[in-house]
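Please open the structure below in a viewer and keep the selection panel at hand. The tour proceeds by selections, each followed by an account of what is found there.

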Amino acid sequence: MLNLILFGPPGSGKGTQAEGLINKFKLQHLSTGDILRNEIARSTALGMEAKKFMDKGLLVPDEVVIGMISSKIDETVEQVKGYIFDGFPRTIPQAEALDKLLQFKQIPIKKVLSLEVSEEELVKRLLGRGTTSGRSDDQDESIIRQRVVEYRSKTAPVADFYAKQNKLHAIKGEGSVETIFTALCNAVENN
Ligand code: AP5
Ligand code: MG
């Protein structure tokens, strides 16, 4: 199994690059942000609870997202060639829980691809997307900056967690989508 994590701050291009990687390597996409937005669209209790955090640019509690990922893996593991985790794990407890889960199933993470983009570029991209995406957390610069604050304080330490396992690959996330995709593919294919 080829299991990858696409890592990086909000707006770094995780969703954009996931599409190309899914097609090329035939992976199953697991984006906690997409799953949560789907729960909100269906007005489930989980979605309504998560929305309170998402609308403020805050992370949703660990137990909620860990439970979601765990059941998605259980539902799909027999049918897939590998997973691309997008926007998960985002805290150290999430990373530890994912390691345990994958260890139990003997399907470890192969590589963590970390997209590096400056804060000004992130804000510019997300405000731009906000004009058409309908995502409530893209509408307001202060909420976008709050998402970056959450990233720096809670998510950035996850990179060290995987660096200690020699799995972290930093990729420049600015430039054309195609150039970044090529760099990602090289990181996946070269040891
Ligand atoms: P989530 O949906 O994961 O959003 P995010 O991390 O904030 O990131 P985005 O999806 O906004 O950006 P992206 O990196 O995917 O970039 P994209 O390709 O779209 O999370 C949303 C919320 O859900 C969180 O704030 C939190 O509340 C909650 N949540 C989710 N997961 C959680 C978890 N594990 N734990 C707790 N809470 C969780 O690109 C962005 C824009 O840039 C697009 O317009 C795109 O076209 C453009 N773009 C992409 N590449 C380039 C390029 N090379 N050059 C120019 N523009 C580009
Ligand atoms: Mg995304």
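The stops below cover salt bridges, then a pocket, then a cavity. The model is a predicted one, and side-chain atom pairs count only at pLDDT 80 or more.

**Stop 1: salt bridges around helix H3**

The structure has 17 salt bridges in total. Begin by selecting Lys52 and Glu49, which form one of the salt bridges, with their closest N and O atoms 2.9 Å apart. Display the backbone as well: both residues belong to helix H3 (residues 45-54), where a spacing of three residues separates them by about one helical turn. Are these two side chains buried, exposed or partly exposed? Lys52 is partly exposed, at a relative accessible area of 48%, and Glu49 is likewise partly exposed, at 38%.

Next, select Asp55 and Lys51. Their side chains are joined by a salt bridge with an N to O distance of 2.5 Å. Asp55 has a relative accessible area of 28% and is partly exposed; Lys51, at 29%, is also partly exposed.

**Stop 2: Asp137 and Arg147**

Move now to Asp137 and Arg147, whose side chains meet in a salt bridge at 3.7 Å, N to O. Which parts of the chain does this pair tie together? Asp137 sits in the loop between helix H6 (119-133) and helix H7 (141-163), while Arg147 is in helix H7, so the salt bridge links parts that lie ten residues apart in sequence. Colour the two residues by accessibility. Asp137 is buried, with a relative accessible area of 11%, and Arg147 also counts as buried at 11%, because the limit for a buried residue is under 20%.

Then select Glu119, Glu120, Glu141, Arg145 and Arg152 together. Salt bridges with shared partners connect these five residues into one network.

**Stop 3: the largest pocket**

Switch to a surface display and find the largest pocket, which has a volume of about 810 Å³. To centre the view, select Pro10, Lys14, Arg90, Arg135 and Arg147, the closest to the pocket centre among the 41 residues that line it. Arg147 is thus met again here, having appeared above as the salt-bridge partner of Asp137.

Which elements give two or more residues to the lining of this pocket? They are helix H1 (14-25), strand E2 (28-31), helix H2 (32-41), H6, H7 and helix H8 (177-189). Highlight H2 in particular: with five residues, H2 gives the most to the lining of the largest pocket. Colouring the lining by residue class shows 13 nonpolar, 17 polar and eleven charged residues.

**Stop 4: the largest cavity**

The last stop calls for a clipped view of the interior. How many cavities of 30 Å³ or more does a search of the whole structure find? The search finds one. The largest cavity has a volume of about 70 Å³. Select Gly8, Lys14, Gly87, Arg90 and Thr155, which are the closest to the cavity centre out of the 13 residues that line it. Lys14 and Arg90 also figure among the residues closest to the centre of the largest pocket.

Strand E1 (4-7) and H7 are the elements that give two or more residues to the lining of the largest cavity. Select E1 to finish, since its three residues are the most that any element gives to this lining. By class, the cavity lining consists of eight nonpolar, three polar and two charged residues.

Notes
Residues numbered from 1 in each chain as written. Chains lettered and ligands numbered in written order. Heavy atoms only, no water. Salt bridge = Lys/Arg side-chain N within 4 Å of Asp/Glu carboxyl O. Helix = DSSP H or I, 4+ residues; strand = E, 2+ residues; numbered from the N terminus. Buried < 20%, exposed > 50% of the residue type's maximum accessible area, 1.4 Å probe, protein only. 1 Å grid on protein atoms, 1.4 Å probe; cavity = no way out; pocket = protein on both sides within 12 Å on 5 of 7 lines; lining within 4 Å. Points joined across faces, edges and corners; volume = space filled by probe spheres on them. Nonpolar A, V, L, I, M, F, W, Y, C, P; charged D, E, K, R; others polar.
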